[in-house]
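This briefing introduces a structure to a reader who has not met it before. Please look over the sequence and the model shown below, then continue with the points that follow.

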Amino acid sequence: MENVLRPLIVIGGSVLLTLVIGWATDRLLRKADERHRETPLWGLLRRGRIPYQLVLCAAMLRGSFDQARLLERHRAGIGQTLTLVLIGAAAWLVIRIAAAIVETSYTRYARVHRDPARVRRVRTQVTLIMRVVAAVVGVVAVAAMLLTFPAMRAAGASLLASAGILGIVAGVAAQSTLSNMFAGLQIAFGDMVRIGDTVVVDGEWGTVEEITLTFLTVRTWDERRITMPVSYFTSKPFENWSRGTPQMTGIVFWHVDHTAPVELMRERLRDILRECPAWDGRDYGLAVTDTTPNTMQVRALVTAKDADDIWTVRVTVREQMIRWLTDHHPYALPRVNTADAVVLQRGGSSSNGAAPRRAHETPRTGRG
C-alpha cells in the first residue's frame, strides 16, 4: 500500500500545490492590475503564468522524486529530464518577465512623449533589445542544459582549448550574419531608420514594419512585404521621409497649352487646397517651369503634415485642376496640330501668284 500511496502523494501533491500557488499568484496579479490601471506591468506579468507553473512543478518534482521511489531503474534519466525542463521553463519565465518590464517602460515613455519620431526610435530600440535578451537567455539556457550531462563537463577543457580556432572558423563562415547583426544594432542605436518610418528603397515606397538583428521588412503601399538585410541600410543610400520632422512638400506637374490662364490656375489651386483637409496650410505655389514647342509645364507646390497626407493632397490637386480646365478652359489643354503645313516660296509667295503648295504634295516636273 505504501508503494502506491507514496508516489501518489509526492506527484499529486506537487501538481496540486503548483496549481494552488499558480492560481493564487494569478489572482494577486489580477487584483494588482485592476488597482493600478496606469501601468500595464501586472497584466503583462500574467502572460508568464504558464512558465511560472512549469518552474514550480518541475522544481517540486525534482526535489521530491527521490522520495516517491518510483521507477528506480530510470531515476537518473527522469531526474535529468526534470532538470532540463526546469532550466527551459526558467529561461522562458525570465524572457516573459523581461518583456513585461521593457514593454511597460516603453508604454510609459510613449504616454509622456508626444513626438512620434522619438517614440518610434525607442520602439525600435526596445524591440531589438528584447531580441538580444531572448537570444542571450536562450544561449545560456542551452549551455546550462548541456553542462548537466557528465560527458559535456568532461569535454569542457578541450572545448575551451579549441575555442579560439572554432571562433575564427565561425567568424569567417558567418561573416555575413555577423555583419547584419552589428548593422541591426547600429540601426537601433544610431537612429538611422525606425519602425513606422516611411522610406523609399530601390524605388519602392513603403513603411518599415519590422526590424530584427538580421533583416528589415518594408510594407509597400500595395501591401507587399520587401525583406532586406539590415546591412543594406548601413552601406547604401536610401530615402527616409520620416527623418526629422514628418512634414513634407509635394509637387504636381501639368502640361498645358501656351494659352492656359496661369493666374486663374493659381487662384483655383488656392481654392482646391482650402477645401482639402489633408493640406496643412503651410505653403503653396504655382509657376511655369518649362516650355516646349507645343506645351508649357506648370508646377504646383503643396505641403502636408506627413507622407500619407502629401499623397492625398497631390492626387486631389491633380484631379480637380484637370477637371476644372476641362469644364471651364478646354482650350488650355494640350493640343496636337493636325493641319497641313504650308510651304512658302522664297519671298513669301510665288511669282505668278499661284497658290502655295502643301507640304505633302510632291512638286511636278515636265517639259515646256
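**Briefing: helix H12 and its surroundings**

The cover over the buried residues of H12 includes strand E1 (198-201), strand E2 (204-211), E6, helix H11 (262-274), strand E7 (279-291) and strand E8 (296-304). The model described here is predicted. Its chain has a secondary structure of 12 helices and 8 strands. Of the 368 residues in the chain, 30% are buried. Among the contacts in the chain with a separation of 6 or more, 64% are between residues 24 or more positions apart.

**Helix H12**

- H12 consists of 22 residues, and the distance from its first C-alpha to its last is 32 Å, close to the 32 Å expected at 1.5 Å a residue.
- The buried residues in H12 are Ala307, Asp309, Ile310, Val313, Thr316, Val317, Met321, Trp324 and Leu325.
- The N-terminal end of H12 is capped by Asp306, which places a side-chain oxygen 3.3 Å from the backbone nitrogen of Asp308.
- Thr312 also belongs to helix H12. Because its relative accessible area is 33%, Thr312 is partly exposed.
- Between Thr312 and Cys276 there are 8.8 Å in space, C-alpha to C-alpha, although the two are 36 residues apart in sequence.

**The largest pocket**

- The largest pocket holds about 300 Å³ of space.
- Its lining is made up of Trp205, Trp221, Trp241, Met248, Thr249, Gly250, Ile251, Ala307, Asp308, Ile310, Trp311 and Arg314.
- Of these lining residues, 8 are nonpolar, 2 are polar and 2 are charged.
- At least two residues of the lining come from each of strand E6 (248-256) and helix H12 (307-328).
- H12 gives the largest share of the lining of the largest pocket, with 5 residues.
- Two residues of this lining, Ala307 and Ile310, are also listed among the buried residues of H12.

**Trp254 in strand E6**

- Trp254 is a residue of strand E6.
- The relative accessibility of Trp254 is 3%, and therefore Trp254 counts as buried.
- Neighbours within four places in sequence aside, Trp254 has contacts with Met265, Leu286, Met296, Gln297, Val298, Ala300, Val317, Arg318, Met321 and Ile322.
- Val317 and Met321, both contacts of Trp254, are among the buried residues of H12.
- Trp254 is separated from Val288 by 34 residues in sequence and by 9.6 Å in space, C-alpha to C-alpha.

**Asp197 and its polar partners**

- Asp197 is placed in the loop between helix H9 (175-190) and E1.
- With a relative accessibility of 0%, Asp197 falls under the 20% limit and so counts as buried.
- A polar atom of the Asp197 side chain lies 3.0 Å from the backbone nitrogen of Arg194.
- The side chains of Asp197 and Asn240 are joined by a polar contact of 3.2 Å.
- Apart from neighbours within four places in sequence, the contacts of Asp197 are Arg120, Gly206, Thr207, Val208, Asn240 and Ser242.

**Loop residues with positive phi**

- Asp202 is situated in the loop between E1 and E2. Its phi is positive, at about 55 degrees, although Asp202 is not a glycine.
- Asp202 counts as exposed because its relative accessibility is 62%, over the 50% cut-off.
- Glu223 occupies a place in the loop between strand E3 (215-220) and strand E4 (225-229). Glu223 is a residue other than glycine with a positive phi, near 70 degrees.
- Glu223 has a relative accessibility of 61% and therefore counts as exposed.

**Val15 in helix H1**

- Val15 is part of helix H1 (residues 2-35).
- Val15 is partly exposed because its relative accessible area, 34%, lies between the limits for buried and exposed.
- The C-alpha atoms of Val15 and Leu54 are 9.8 Å apart in space, while the residues are 39 apart in sequence.

Technical notes. Residues numbered from 1 in each chain as written. Predicted model: local features only at pLDDT ≥ 70, side-chain atom pairs only at ≥ 80, totals over all residues. Heavy atoms only, no water. 1 Å grid on protein atoms, 1.4 Å probe; cavity = no way out; pocket = protein on both sides within 12 Å on 5 of 7 lines; lining within 4 Å. Points joined across faces, edges and corners; volume = space filled by probe spheres on them. Helix = DSSP H or I, 4+ residues; strand = E, 2+ residues; numbered from the N terminus. Nonpolar A, V, L, I, M, F, W, Y, C, P; charged D, E, K, R; others polar. Expected span 1.5 Å × (residues − 1). Buried < 20%, exposed > 50% of the residue type's maximum accessible area, 1.4 Å probe, protein only. Contact = heavy atoms within 4.5 Å. Polar contact = N/O pair within 3.5 Å; in protein donor to acceptor, adjacent residues only side chain to side chain.
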